[in-house]
Amino acid sequence: MHTRYRVLAGTMAGVLIGVTTSISLNVFAFRQTIENSPPLDELQQFSEVYTRIKENYVEEVKDKDLMTNAIRGMLSNLDPHSAYLDEEEFKELQVGTSGEFGGLGIEVGMEDGFVKVISPIDDTPAQKAGLQAGDLIIRLDETPVKGMTLNDAVKLMRGKPGSNIDLMIVREGKDKPFKVSLKRDIIQVKSVKQRLLEPGYGYVRITSFQAKTTESLLEGIETLKKENKDKLRGLVLDLRNNPGGVLNAAVGVSDAFLESGKIVYTEGRVEDAKMEYSANKGDAIDNAPIVVLVNQGSASASEIVAGALKDHKRALIVGQKTFGKGSVQTVLQLDEKTAVKLTTARYFTPSGRSIQAEGIMPDIELKALKVKGEEETDDTLDPVSEANLSKHLSNPNGTDKTESKPAEKASESAPAKTDEKADEKTDKAIEADKAKSPLAEDDYQLFEALNILKGMDLVQTRLKPEATTVEADKGKVM
């Protein structure tokens with residue numbers, strides 16, 4: 001009997017010691033995390049709203065839907081690029097970085113309740129239909145976009161390959177909305193394309209930054225060298241309407257043309273968000289001049305490449321001011337099927353400049369003019385940029401302003417002349433040059449980029465020390 005009491009007493013003592021230890025540890029942990037603990041008043045308010053919806057909303061709402069929507073709202077109000085990814089969206093993200101996905105071939109965002117086009121992807125239904133960066137989609141077939149979430153709008157735009165969809169578009173400079181009909185397709189994006197513009201001068205187009213983009217770029221350059229039967233004298237790197245992609249791919253592309261030095265670095269609140277990437281020795285085109293083409297659709301990873309090559313004075317940046325997305329998103333997996341895409345850092349160019357909400361100003365500003373076949377010969381559309389998006393991150397280097405130093409505007413005409421004959425003569429000369437080059441009609445910016453590249457090659461060639469041959473023959477210098 002006494003033995004039973006002793007065992008019981010010992011057990012109770014052990015329980016008390018365990019409880020006391022647990023309480024002590026919990027108090028210690030509470031003190032450690034009290035600053036990061038959830039706000040009780042706000043949680044109580046959330047619970048009250050949740051209860052009111054469950055009890056009073058006109059239709060019954062599932063608990064899962066309410067919680068998912070609450071999570072989406074919490075993330076979407078941080079910045080335009082943070083988001084909750086459900087099972088379908090998580091799969092699409094994984095497939096998208098590999099280079100194949102279904103849809104219209106258009107990079108979109110949400111702005112003021114409407115779907116805004118960031119950039120169309122090359123060789124896709126959206127690009128072939130003439131959609132442009134900055135277009136506002138206000139209706140999908142007969143369904144108004146206003147009030148939809150971006151995910152709901154994307155789901156409507158996706159569908160069975162071969163099926164049709166009508167988009168109602170608002171474009172700045174147009175008097176009224178207009179309809180664009182597209183046929184859905186399986187989007188297979190080849191991120192790198194190349195061709196010779198002229199003997200010695202290569203062209204590489206990168207449509208997006210995927211896992212294998214660096215490898216494809218190097219293969220493309222080797223293909224150009226073989227076609228040219230010699231090394232390249234210059235290269236046009238086209239990043240227009242490239243919405244970005246994998247950070248490592250942007251680093252790899254930059255590294256392909258840099259011998260050494262910093263490419264990009266990131267800064268965030270946690271230690272894991274602080275990274276720095278540097279170039280390795282070796283230049284894929286042996287220091288031949290480079291012209292990088294950019295526009296308002298060039299974003300994120302495209303801006304990393306343009307910024308790195310510009311800061312190292314390795315390339316001349318030509319075109320229009322870029323989008324200005326200078327933030328890094330990390331995909332944090334919640335379980336096997338869902339994840340959170342969260343902005344965790346800002347990235348900086350080698351010179352320490354953030355392009356967030358500012359973009360990269362080209363060294364030579366060149367508008368996307370049309371030589372013929374278009375009523376408008378100038379941009380009537382104000383370019384959409386990161387700074388136009390609501391709740392965008394601020395620029396840590398200062399206010400959201402563009403660079404104070406204006407770029408040279410190669411596309412602007414000279415001051416008006418009073419000599420009409422001189423005007424007529426100049427116009428005829430210009431038209432004659434255009435007639436000689438179909439490239440000017442197809443892609444005016446690329447036509448001018450090639451001319452600039454030739455000039456850079458000429459200057460670089462003339463700056464090289466001339467080879468002097470000295471032959472020793474019986475004491476004579478020949």
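This note goes through a predicted model in numbered points, from the overall make-up to single residues.

1. Overall make-up. The protein has 478 residues, and 40% of them count as buried. Its secondary structure consists of 12 helices and 22 strands. Among contacts with a separation of 6 or more, 70% are between residues 24 or more positions apart. The exposed area is about 28200 Å², of which carbon and sulfur atoms supply 52%.

2. Helix 9. This helix covers residues 301-311, and 10 of its 11 residues are buried, so the rest of the structure largely encloses it. Among the buried residues are Ser302, Glu303 and Lys310 as well as Ile304, Val305 and Leu309. The buried residues of helix 9 pack against helix 8 (247-255) and against five strands that are listed here by number: strand 12 (234-238), strand 13 (262-267), strand 15 (290-294), strand 16 (316-319) and strand 18 (339-348). Just after the helix, Lys313 has a positive phi of about 55 degrees.

3. The largest nonpolar core. This core contains 43 residues, and Ile206, Phe209, Leu237, Phe257 and Val292 have the most contacts inside it. Elements that supply at least two residues each include strand 11 (201-206), helix 7 (213-228) and strand 18. Helix 9 gives the most, with six residues. In general, nonpolar side chains of soluble globular proteins tend to be buried together.

4. Leu237. Leaving aside residues up to four places away in sequence, Leu237 touches Val204, Ile206, Phe257, Ile290, Val291, Val292, Leu293, Val305 and Leu309. Of these, Val305 and Leu309 are among the buried residues of helix 9.

5. Aromatic pairs. There are two aromatic pairs. Phe46 and Tyr50 form a tilted pair, with 6.2 Å between the centres and 35 degrees between the planes. Both belong to helix 2 (residues 40-56), where a spacing of four residues puts them about one helical turn apart. Phe46 is partly exposed, at 39% relative accessibility. The pair of Tyr265 and Phe348 is stacked, at 5.2 Å centre to centre and 15 degrees between the planes. Tyr265 is in strand 13 and Phe348 in strand 18, 83 residues apart, and the pair thus links distant parts of the chain. Tyr265 and Phe348 are buried.

6. His81. This residue is in the loop between helix 3 (63-76) and strand 1 (83-85). Its relative accessible area is 12%, so His81 counts as buried. Beyond residues up to four places away in sequence, His81 touches Lys325, Ser327, Gln329, Lys341, Thr343, Glu386 and Leu389.

7. A charge over a ring. Arg195 lies over the face of Tyr203, 4.8 Å from the ring centre.

Technical notes: Residues numbered from 1 in each chain as written. Predicted model: local features only at pLDDT ≥ 70, side-chain atom pairs only at ≥ 80, totals over all residues. Heavy atoms only, no water. Buried < 20%, exposed > 50% of the residue type's maximum accessible area, 1.4 Å probe, protein only. Contact = heavy atoms within 4.5 Å. Areas by Shrake-Rupley, 256 points an atom, 1.4 Å probe, with all protein chains shown as cover. Core = buried A, V, L, I, M, F, W, Y, C linked by side-chain atoms within 4.5 Å. Phe/Tyr/Trp six-rings, centres within 6.5 Å; stacked < 30°, edge-to-face > 60°. Lys NZ or Arg CZ within 6 Å of the ring centre and 35° of its normal.
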